[in-house]
Amino acid sequence: QLHSDQDKGDGSLKYILSGDGAGTLFIIDEKTGDIHATRRIDREEKAFYTLRAQAINRRTLRPVEPESEFVIKIHDINDNEPTFPEEIYTASVPEMSVVGTSVVQVTATDADDPSYGNSARVIYSILQGQPYFSVEPETGIIRTALPNMNRENREQYQVVIQAKDMGGQMGGLSGTTTVNITLTDVNDNPPRFPQSTIHLRIPESSPVGTAIGSVKATDADTGKNAEVEYRIIDGDGTDMFDIVTQKDTQEGIITVRKPLDYETRRLYTLKVEAENTHVDPRFYYLGPFKDTTIVKISVEDVDEPPVFSRSSYLFEVHEDIELGTIIGTVMARDPDSASSPIRFSLDRHTDLDRIFNIHSGNGSIYTSKPLDREISQWHNLSVIAAEINNPKDTTRVPVYVRILDVNDNAPQFAVFYDTFVCENARAGQLIQTISAVDKDDPLGGQKFFFSLAAVNPNFTVQDNEDNTARILTRRNGFSRHEISTYLLPVVISDNDYPIQSSTGTLTIRVCACDSRGNMQSCSAEALLLPAGLSTGALVAILLCIIILLVIVVLFAALKRQRKKEPLILSKEDIRDNIVSYNDEGGGEEDTQAFDIGTLRNPAAIEDKKLRRDIIPEALFVPRRTPSAPDNTDVRDFINQRLKEHDTDPSAPPYDSLATYAYEGNDSIAESLSSLESGTTEGDQNYDYLREWGPRFNKLAEMYGGGESDKDTS
């Protein structure tokens, strides 16, 4: 309540209120000055309010006293329960942890005033999760309460924690939360094989690396704590088998290390050990963390293919051996206890020329064709061995045949020699150095000897003893007029056994040379040319002659072009215009395409005669018109023009025959010449040209459109 000393109780004063919540949360009685709250006040929203009050004259509204300020402080009561920030917590703790191991801490908050009483003092307790876990009342830390909790027995726990204010006393408010606790794994369990003895089987034909089977030791732990490494620690098959650890399945895969043989050994025994790779030293007392088992492997018998005595064979033979000679023998046996007989054969894909053959019973390889080292020095064969009782079961072995050299080829000139000797050569002059080649390959290397087949008065051979020889002249001067070519036989022999030799003939031409010995000409006809005329001069003269001939031909062609007259000077030319249809005839053998005699002798025409070279397109009856009288002027005009073209060499065309003829009387086509068009009265009708077929379409277009042209004009 507010009261002014100036208030006499007569109602002349008025109290007014301003500040935080004035008029909404707090109101004042303007007559008495009593302050009231309009609704319930929550300290957690605002702990105090600052207000200003003043007394004024009700009539003049003037203050009678200065404005006064006062603070309304809200006292707290326990009206808020403790709350946790999370409804559910998740935590973990290693299994086998000691008692009191911290798991997780939970904290609750209370909105009440911690400085006023115990409204905000929180105490923690456990409602669910005993006797495995406990909680510290003041801090909310959850700890393990039992020793050696085993994950393999129970992995998940749910703990309910309560937070209560008023120091946990009666009447305090409380809140709860749930904590899900998981026991994490530690390596506290060793691996264990489910069986003490394991039996496996494998065929003896299994190749190296074949997986026989697997063994697996179980471990109650998980993750890396359950990882196991397998090894063979003992047994009579340690050198025959291997074991590999499969990381994803944690199995031990037993594989073949060496080839197996049922006839040699049928049963192997292995001692396999499985051991954890990650061992925790804190749990050594629970060990040892490994286990062993016995693996017995039985080898099963199969029908094996033959086995050769060697993995490959190499035979060497001279190339001059006789046909049918045995070059070597391959041997194979049946490894099975039945010991079936073996049949041998050659793979003909490796001996396409069938040079070799093999005895099917004993494996002896012999020649069936002559050998030649110079053609092929090596032969790579493949021999097949198969059991007679089971031909499908085969084995192959490579056989390498090396052909040894025999001196059976004579040496020859290394290249073709183009040899010449100068006319002015002197005795002892070198004209050629020769060498030789031999297809044979002796062990000591090639050695050739050169000599003449007979004594030659003109040339001699000098052996350089390095597989080359020099050809020298034996006299001075040679003449092309006497002998233009010499043939010199040279004998080439080797030094191997038996000695082989051949005779090669050198062709030596006699040539004219300059003072330095350079060849100029070797032809005897070259002497007939003038002494001072060289080859270059002859070429220049020929070029000049060719150029002059080209100029003369061009000049004549230009002159001839100037004299040529055009066939048609203009459209108004009085002569007949020639219309080209580009219709090629049948040549000289075409006797039915067109008969020129028809125009010369119309009376001889055959009625309805059809061409034999084409299929008739339409049958029509030729339209006959009254014959016109013979025109002498036209006949004279044609004869005159024919005579002019026969006598004028420049009249075009130069490569064709111009024929002029008068059709005479009774032409079935009448006359199409414009010379007589002026004598007829009226216009002529050429519509019948369209009935004559496609070969007269052009004429029909030219003459048949007269009416339309006249109408349009």
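How many helices and strands does the secondary structure of the chain come to? The chain comes to 5 helices and 37 strands. Keep in mind as you work that this is a predicted model.

**Exercise 1: The chain as a whole**

Task: Describe the burial, the contacts and the exposed area of the chain.

Solution:
- Step 1. Start with burial: of the 713 residues in the chain, 32% are buried.
- Step 2. Turn to contacts between residues at least 6 apart in sequence: 65% of these join residues at least 24 apart.
- Step 3. Finish with the surface: the chain exposes about 45,100 Å², and 51% of that area is supplied by carbon and sulfur atoms.

**Exercise 2: Salt bridges**

Task: Find how many salt bridges a search of the whole structure gives, then work through the pairs R257 with D242, E374 with R373 and E423 with R480.

Solution:
- Step 1. The search finds 17 salt bridges. As a reminder, side chains of opposite charge can pair when their charged atoms come close.
- Step 2. Take R257 and D242, whose side chains meet at 3.8 Å, N to O. R257 sits in the loop between β17 (251-256) and β18 (267-276), while D242 belongs to strand β16 (residues 241-246), so this salt bridge ties together parts 15 residues apart in sequence. Both partners are partly exposed: R257 has a relative accessible area of 43% and D242 one of 32%.
- Step 3. Next come E423 and R480, with an N to O distance of 3.3 Å. E423 is in the loop between β30 (419-422) and β31 (430-437) and R480 in the loop between β34 (468-473) and β35 (485-494), so the pair links parts that are 57 residues apart in sequence. E423 is partly exposed at 24% relative accessibility, whereas R480 is buried at 5%.
- Step 4. For E374 and R373, the salt bridge spans 3.2 Å, N to O. The cut-off for buried is under 20% relative accessible area, so R373, at 11%, is buried, and E374, at 23%, is partly exposed.
- Step 5. Look also for a network: salt bridges link R231, E273, E275 and K290.

**Exercise 3: A mixed sheet and a buried aspartate**

Task: Work out the strand order of the open sheet that contains β27 and β28, then place D351.

Solution:
- Step 1. The sheet has 4 strands in the order β21-β28-β27-β24, with mixed pairing.
- Step 2. Its edge strands are β21 (313-318) and β24 (342-346), each of which pairs on one side only. From one strand to the next, the twist averages 30°.
- Step 3. Now zoom in on β27 (residues 378-387) and β28 (residues 394-404): these strands run antiparallel and are joined by 9 bridges. L381, for instance, has V399 in β28 as its bridge partner.
- Step 4. D351 lies in the loop between β24 and β25 (356-358). At 4% relative accessibility, D351 is buried.
- Step 5. Leaving aside neighbours within four places in sequence, D351 is in contact with L346, F356 and L381. The last of these is the residue you met in Step 3, bridged to V399.

**Exercise 4: An antiparallel sheet**

Task: Identify the edges of the open sheet β1-β4-β5 and count the bridges between β1 and β4.

Solution:
- Step 1. The sheet has 3 strands with antiparallel pairing.
- Step 2. β1 (13-19) and β5 (68-73) are the edges; each has a single partner strand, so one side of each lacks a neighbour in the sheet.
- Step 3. β1 pairs with β4 (residues 48-57) over 7 bridges. Within this pairing, L13 has N57 in β4 as its bridge partner.

**Exercise 5: Two faces of a strand**

Task: Which side chains of strand β6 (residues 88-94) point to the buried face, and which to the other?

Solution:
- Step 1. Recall that in a regular strand the side chains alternate between the two faces of the sheet.
- Step 2. In β6, Y89, A91 and V93 point to one face and are buried. I88, T90, S92 and P94 point to the other and are not buried.
- Step 3. Add the pairing: β6 runs parallel to β12 (residues 174-184), with 7 bridges, and T90 has N180 in β12 as its bridge partner.

**Exercise 6: A nonpolar patch**

Task: Which residues make the nonpolar surface patch of about 460 Å², and where is L543 found?

Solution:
- Step 1. The patch is made by V539, L543, I546, V550 and L554.
- Step 2. L543 is found in helix α1 (residues 535-563).

Note on methods
Residues numbered from 1 in each chain as written. Predicted model: local features only at pLDDT ≥ 70, side-chain atom pairs only at ≥ 80, totals over all residues. Heavy atoms only, no water. Salt bridge = Lys/Arg side-chain N within 4 Å of Asp/Glu carboxyl O. Buried < 20%, exposed > 50% of the residue type's maximum accessible area, 1.4 Å probe, protein only. Patch = residues over 30% accessible without salt bridge, like charges linked within 9 Å, V, L, I, M, F, W, Y side chains within 5 Å. Areas by Shrake-Rupley, 256 points an atom, 1.4 Å probe, with all protein chains shown as cover. Pairing = 2+ DSSP bridges. Axes fitted to C-alpha atoms, helices over the stretch in contact; angles between N-to-C directions. Contact = heavy atoms within 4.5 Å.
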